[in-house]
Amino acid sequence: MLHRHPLRHAALLIPIAILAAVSSAQKADSIHYDEHTRIFRMDAADVTYAFGVNNVEELEPVYWGRAVAANDPLPAPHTMPEASSNDSAPTVTPKEYAGWGGGLYPEPALKVTFPDGNRDLVLHYVSHKINGDELIITVKDIERAVFVDLHYSIDPATGIIGRWAVIENKTSTPIMIEAAAAATWNLPRDTDYSLRYLTGRWAGEWQLQKQAILPGETVLQSKRGSTSHQNNPWFAIERGEHPDEESGDVWFGALAWSGSWRISVEQDQLQQIRVTGGFNPFDFGYKLAPGKQLETPKFFGGYSHEGIGEASRILHRFELTKVLPQGPMPKPRPVIYNSWEATEFHVDEPGQSALAEKAASIGVERFIMDDGWFGQRKDDHAGLGDWYVNKEKFPNGLKPLIDKVHSLNMDFGLWVEPEMVNPDSDLYRKHPDWVLNFPGRPRTEGRNQLVLNLARKDVRDYVYNFLDDLLSHNQIAFLKWDYNRNWSEPGWPAVAPDDQKEVYVEYTRNLYGILAELRAKHPGVEIESCASGGGRVDLGILRYTDEVWPSDNTDAFDRLRIQDGFTYAYTPEVMMAWVTDSPGWTNNRTTSVAYRFLSSMQGSLGVGANLNKWGPEDFATAKQLIEAYKGIRETVQHGSLYRLVSPRDGSETSVTESVSSDKKQAALFTFLHSSTMNYPYPRVFLRGLDPKTTYAVTSIYGRLSKDTPTSASGSYWMSHGVDVELKGDFQTAAFRFDAK
Ligand code: GLA
């Protein structure tokens, strides 16, 4: 029997408010087609999205933004006139999903080559179906039997639209697909837009960038085979000169794909903005045989008229209710312990048992053993691929450790890196052909490892079977699924040269397939997506995983910025955050245990410190703060996040606040990087409370100024604000507000 966790029962209580909201909103009839104007219109949650069939039978955008009245006259779409001899009608007229053909210069959504050399593709409307919250429109090339089903879904609770395409070859010869996007999003014509996006690198993920959208094209992408640290498949576009966190129009989108991807943001010669995203066309080639289909990833798009703060909250709600595998309301995440920073590869039964005892004593609910337990794994040079328990480290298998962890009332999690192999492994010696490679060419290693070609059926079966075996024979509640390098030499020599580039699609599909099958067979098992930190975080992998590892950088101060950037696109529920040792390996910075805890308590809390080095005071602080976290975690993980003061751009302070969905509780986290010139800490004004409800304030850690009332109205906390007593360097305080 799987170890039962007290959390599971508590979790049943929260979802109800949200479920009720979702089901009442679902009653609305959100998709309409007007036969006279030939306009399709989708409405939900204060958003209207409309497009139609124009005079030349192409799908043309009409409107996307704040809801307009049901009887507002949306004009029937009509091609724009030629702008000049260089800018003919097909290229200046915005399109929902353009084939490359007919003189189109912006990014096409679909580009194909036919065997006779024709590369012209012009897609015209054929028919449509409305099935509840989903609309499917079939378009077809003007001459050849290439059909595309364009799918649209609208989420009644958030107004988030999902778009994807299914391309079908009904000709009698194969066609080569060279670019296939999920969608093109078109914004209202304006010149006053700016783009936000996320960039990074290993140990420095989730840096929020901002730039004006000017004529030309900005490309966000990964050519690395997976999502990447460098760019994340999320964007937001704000309108106006001074958009801010809580006001202004914002359009945003997130692509659900964990392989190579691309999102291009263009402003064309008529100042129209288009965002096209899907498979990365770089090195892409999908040979579609007659009768076969290719389905693109999903691209989700949303709109907020209350600034980028609300845009994030909308996206968080959507992820919690519509994306995560345990939706419509996932369980709150347990407090975990992870062994990596404490023991690295040197794991063994006595060492891990001792850590488990200490972890249990501070209130940890899940103990996770990281890398080092399998094969001939002493360091990162050997062992990946050989997923048997190392007998020197665990002479009696994993059972004694797992039993010990259970006896301490925690459940057990284990690290795996299923898609990789070290050349120094039995697996590689037996199957050197299983990795991505071009025959006769060098095999570039990263961290001494190569990438198994998951597109191959034998590799897929091997990976599924060893994981199924591991989960069937051990009481494992959680897998930390790691992925520590990008692709190189992405050849697939076992298939014909023309088919080899399908690896970009089949690899990721097989990854999703394995995750889905494992979850179905082992429904109690939760999974974390880790990729040398935050290298594989996207709405695709989040359909199959319960949390992610945002960064290997666990420095509590750096994490404030990392977490800030992360929450623009992803919910704090999935944001695993460990308290590690100080000074930390990243910056050699010293911070207090409390500072490290409060930094991590803004997400899903974990401890990754070497508890063997802790003194009694550290244990006491940790125990108290873990207990306090359990009292606010539902608010932090499932509530509405307000980024009150950003840690970016050299700010000396940062503040976040989370408000529970029923507005009965708020949690406030305040940080001071460095006091200067004897200034007091800036007053903090809360947001999102019910103005008429009375809230009592209590300290989780630190103090408010002496004249702060012990309780006051939501209006008082939001308008009068609170003064926090913080002075010094790397200081912190946190408070909870509970409705009386
Ligand atoms: C990656 C992960 C770390 C840790 C190591 C183990 O770097 O991001 O958290 O699991 O691998 O080798």
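Here are a few exercises on the ligand site, the spaces and some backbone details of this predicted model, each with a worked solution.

**Exercise 1. The ligand and its neighbours**

Task: Find which residues around the ligand come nearest, and how the shell divides by class.

Solution: Start by selecting the residues near the ligand, using a heavy-atom cut-off of 4 Å. You should have 13 residues, with Asp 370, Asp 371, Lys 480, Asp 482 and Asp 552 coming nearest. Next, sort the shell by class: 6 of its residues are charged, 4 are nonpolar and 3 are polar.

**Exercise 2. Polar contacts and burial**

Task: Work out how far Asp 370, Trp 415 and Gly 533 lie from oxygen atoms of the ligand, then see what area the protein buries.

Solution: Look for pairs of N or O atoms within 3.5 Å. Begin at Asp 370, where a polar atom of the side chain is 2.6 Å from a ligand oxygen. Move on to Trp 415: an N or O atom of this side chain lies 3.0 Å from an oxygen of the ligand. Then turn to the backbone of Gly 533, which places a polar atom 3.3 Å from a ligand oxygen. Now take the ligand on its own, and it exposes 310 Å², of which the protein buries 96%.

**Exercise 3. The largest pocket**

Task: Locate the ligand among the pockets, then describe the lining of the largest pocket.

Solution: First, place the ligand: it sits in the largest pocket. This pocket holds about 650 Å³ of space. Second, list the lining, which comes to 43 residues; nearest the centre of the pocket are Trp 202, Trp 340, Trp 549, Asp 552 and Trp 585. You have already met Asp 552 among the residues that come nearest to the ligand. Third, split the lining by class, giving 15 charged, 15 polar and 13 nonpolar residues. Finally, ask which helices contribute: helix 5 (340-343) and helix 11 (556-569) each provide at least two lining residues. Helix 5 has the largest share, with 3 residues.

**Exercise 4. The largest cavity**

Task: How many cavities of 30 Å³ or more does the whole structure contain, and what lines the largest cavity?

Solution: A search of the whole structure turns up 10 cavities at that cut-off. The largest cavity has a volume of about 140 Å³. Its lining is made of 14 residues, and Leu 560, Gln 563, Asp 564, Gln 602 and Thr 656 lie nearest the centre. Two or more lining residues come from each of helix 11, strand 31 (640-645) and strand 32 (653-659). Helix 11 gives the most, 4 residues; this helix also supplies at least two residues to the lining of the largest pocket. By class, the cavity lining has 7 nonpolar, 5 polar and 2 charged residues.

**Exercise 5. Backbone details in loops**

Task: Examine the peptide bonds leading into Pro 328 and Pro 583, and the phi angle of Asp 283; where does each residue lie?

Solution: Take Pro 328 to begin with. The bond from Gly 327 to Pro 328 is cis, with omega near 5°, and Pro 328 belongs to the loop between helix 4 (307-323) and strand 21 (336-338). Now inspect Pro 583, joined to Ser 582 by a cis peptide bond with omega about 0°. The loop holding Pro 583 runs between strand 29 (576-579) and helix 12 (593-600). Last comes Asp 283, a residue other than glycine with a positive phi, near 60°. Asp 283 lies in the loop between strand 17 (273-279) and strand 18 (286-288).

Conventions. Residues numbered from 1 in each chain as written. Predicted model: local features only at pLDDT ≥ 70, side-chain atom pairs only at ≥ 80, totals over all residues. Heavy atoms only, no water. Polar contact = N/O pair within 3.5 Å; in protein donor to acceptor, adjacent residues only side chain to side chain. Areas by Shrake-Rupley, 256 points an atom, 1.4 Å probe, with all protein chains shown as cover. 1 Å grid on protein atoms, 1.4 Å probe; cavity = no way out; pocket = protein on both sides within 12 Å on 5 of 7 lines; lining within 4 Å. Sits in = over half its atoms within 2 Å of the grid points. Nonpolar A, V, L, I, M, F, W, Y, C, P; charged D, E, K, R; others polar. Points joined across faces, edges and corners; volume = space filled by probe spheres on them.
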